[in-house]
Amino acid sequence: MLQRILPVIACTVLAAQSFAQPASLKTTFRNDFLIGAAINTRQIEERDTTAARLIPAQFNALTPENIMKAEIIHPQWDQYNFDLSDKLVDYARKQGIKVNAHNLIWHSQLPGYVRRIKDADSLRSWFAGHISTVAARYDGKVYSWDVVNEALNEDGTMRSSVFLKMLGDDFVVEAFRLAQKAAPHTKLYYNDYNIEQPKKRAGAIALIKKIQAAGVRIDGVGIQGHWRAANVPMKDIEESIRAFSALGIEVMFTELDLGVLPNPWDNTTADVGRTAAYKADMNPYPGGLPDSVERTQADAYAALFRLFLKYSGKVSRITFWGVDDSGSWLNDWPIRGRTNYPLLFDRHGQPKRSFFSVIGTKNATAGY
Ligand code: G3I
């Protein structure tokens with residue numbers, strides 16, 4: 001009798017232990033791809049105790065959510081502010097985590113003095129100085145750079161940014177050329193949202209081919225992945241993994257989150273410049289997520305990770321845009337002050353149903 005009961009007791013104890021100490025994303029997918037998170041200032045400074053526990057346990061890649069953007073790292077023409085970036089690099093080294101630096105060239109979050117530049121020569125000189133100084137400082141210290149972020153319109157044409165208008169449409173190639181020179185030991189990526197969509201994807205492919213044709217190095221492309229849990233464009237994503245990897249570069253999902261709140265517009269965008277006013281009916285779950293929505297999200301995450309695993313030889317990193325739901329940008333965009341639930345860990349850093357569904361794609365016994 002005892003012989004029969006013992007294995008049952010052992011299994012129960014093991015199950016209880018694995019419940020108390022949930023599986024680790026980075027361990028589960030260690031042979032498939034890196035698992036990253038975007039982190040904010042409090043997390044870099046280790047003032048967020050939940051993140052301080054989750055980051056080393058769950059992630060092996062980090063992206064600074066804001067602190068390496070030009071507005072913060074290069075606040076005046078002749079003044080750089082490397083304090084937080086240096087802290088991030090030290091923290092990541094201490095924890096054995098790779099850093100994807102974000103980003104060198106982006107039309108948004110530019111410092112005021114750059115937005116006021118009126119002549120092309122001055123902008124060209126800022127552009128070269130910024131890339132060379134920042135990329136050189138972290139060469140060999142960060143693993144990779146998002147060299148150019150969001151240079152495309154939804155129809156695949158080039159976005160009419162200050163860089164396009166004043167430097168011409170070769171500015172992307174030039175950014176990669178300068179980054180390659182300043183950071184020869186660092187991987188160089190192009191990063192954008194909605195580039196899984198056919199028209200924008202075609203624009204991204206043309207841009208990548210142009211960089212390659214110029215003999216300039218580009219190592220990968222980041223599909224941001226700000227999708228809605230109820231409507232993840234699986235077919236477009238699969239076609240994009242194939243099309244981008246056919247260019248001989250890594251494919252990454254660099255800013256993954258699956259929002260569950262209503263969208264004030266018909267289309268999907270991650271354009272931080274577009275916002276809408278607060279209305280109570282646009283914030284339907286302030287006190288908690290209904291079971292059915294939780295399941296929709298868990299199923300969507302599982303479908304995505306099954307796809308990522310199918311292409312694990314081509315997909316090199318999956319980064320979530322935040323550590324847990326409390327810090328997600330989607331609580332404040334496109335409408336300020338909402339309660340969104342886009343990530344795998346809840347507001348207290350506890351694993352959600354979506355966490356277990358993701359783990360379950362690798363280990364069928366984990367379930368959810
Ligand atoms: O730093 C100020 C702070 O001093 C002030 O108290 C606070 C008050 O609102 O604002 C702070 O700045 C905010 C900053 O995030 C840090 O929290 C900015 O207003 C806010 O616009 C900024 O938003 C960031 C946004 O990029 C614009 O840079 C989001 O956190 C960040 O998640 C988001 O990330 C982008 C990626 O870089 C590119 N792809 C899309 C993605 C989501 O928009």
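1. In this predicted model, a nitrogen atom of the ligand is placed 3.1 Å from an N or O atom belonging to the side chain of Q224. Considered by itself, the ligand would expose 790 Å², and 55% of that is buried by the protein.

2. Two further side chains approach oxygen atoms of the ligand: H102 brings a polar side-chain atom to 2.7 Å from a ligand oxygen, while for N66 the corresponding distance from a polar side-chain atom to an oxygen atom of the ligand is 3.0 Å.

3. As to the surroundings of the ligand as a whole, 15 residues make up the shell, and the closest are E65, H102, E150, E255 and V272. By character, the shell divides into six polar, five charged and four nonpolar residues, and H102, listed with the closest, is also the residue whose polar side-chain atom sits 2.7 Å from a ligand oxygen.

4. Helix α13 covers residues 291–310, and its geometry can be checked simply: with 1.5 Å allowed for each residue, its 20 residues should span 28 Å, and because the C-alpha atoms at its ends are 29 Å apart, the model agrees with that expectation.

5. The buried residues of α13 are V293, Q297, A298, A300, Y301, A302, L304, F305, L307, F308 and L309. In an α-helix there are 3.6 residues a turn, so residues three or four places apart point the same way. The cover over the buried residues of α13 includes the strands β1 (34–39), β7 (226–228), β8 (250–259) and β9 (315–320), together with the helices α12 (234–245) and α14 (353–362).

6. L289 belongs to the loop that joins β8 to α13, and it counts as buried because its relative accessibility is 15%, which falls under the 20% limit. Beyond its neighbours within four places in sequence, L289 is in contact with V260, E294 and Y341. Its C-alpha atom is separated by 37 Å from that of A202, a residue 87 places away along the chain.

7. N331 lies in another loop, the one between β9 and α14, and with a relative accessible area of 7% it is buried. The side chain of N331 reaches the backbone nitrogen of N340 at 2.8 Å. When neighbours within four places in sequence are set aside, the contacts of N331 are D325, S326, R336, G337, R338, T339, N340 and R347, so that N340 appears both in this list and in the 2.8 Å approach to its backbone nitrogen.

Notes
Residues numbered from 1 in each chain as written. Predicted model: local features only at pLDDT ≥ 70, side-chain atom pairs only at ≥ 80, totals over all residues. Heavy atoms only, no water. Helix = DSSP H or I, 4+ residues; strand = E, 2+ residues; numbered from the N terminus. Expected span 1.5 Å × (residues − 1). Buried < 20%, exposed > 50% of the residue type's maximum accessible area, 1.4 Å probe, protein only. Contact = heavy atoms within 4.5 Å. Near = heavy atom within 4 Å. Polar contact = N/O pair within 3.5 Å; in protein donor to acceptor, adjacent residues only side chain to side chain. Areas by Shrake-Rupley, 256 points an atom, 1.4 Å probe, with all protein chains shown as cover. Nonpolar A, V, L, I, M, F, W, Y, C, P; charged D, E, K, R; others polar.
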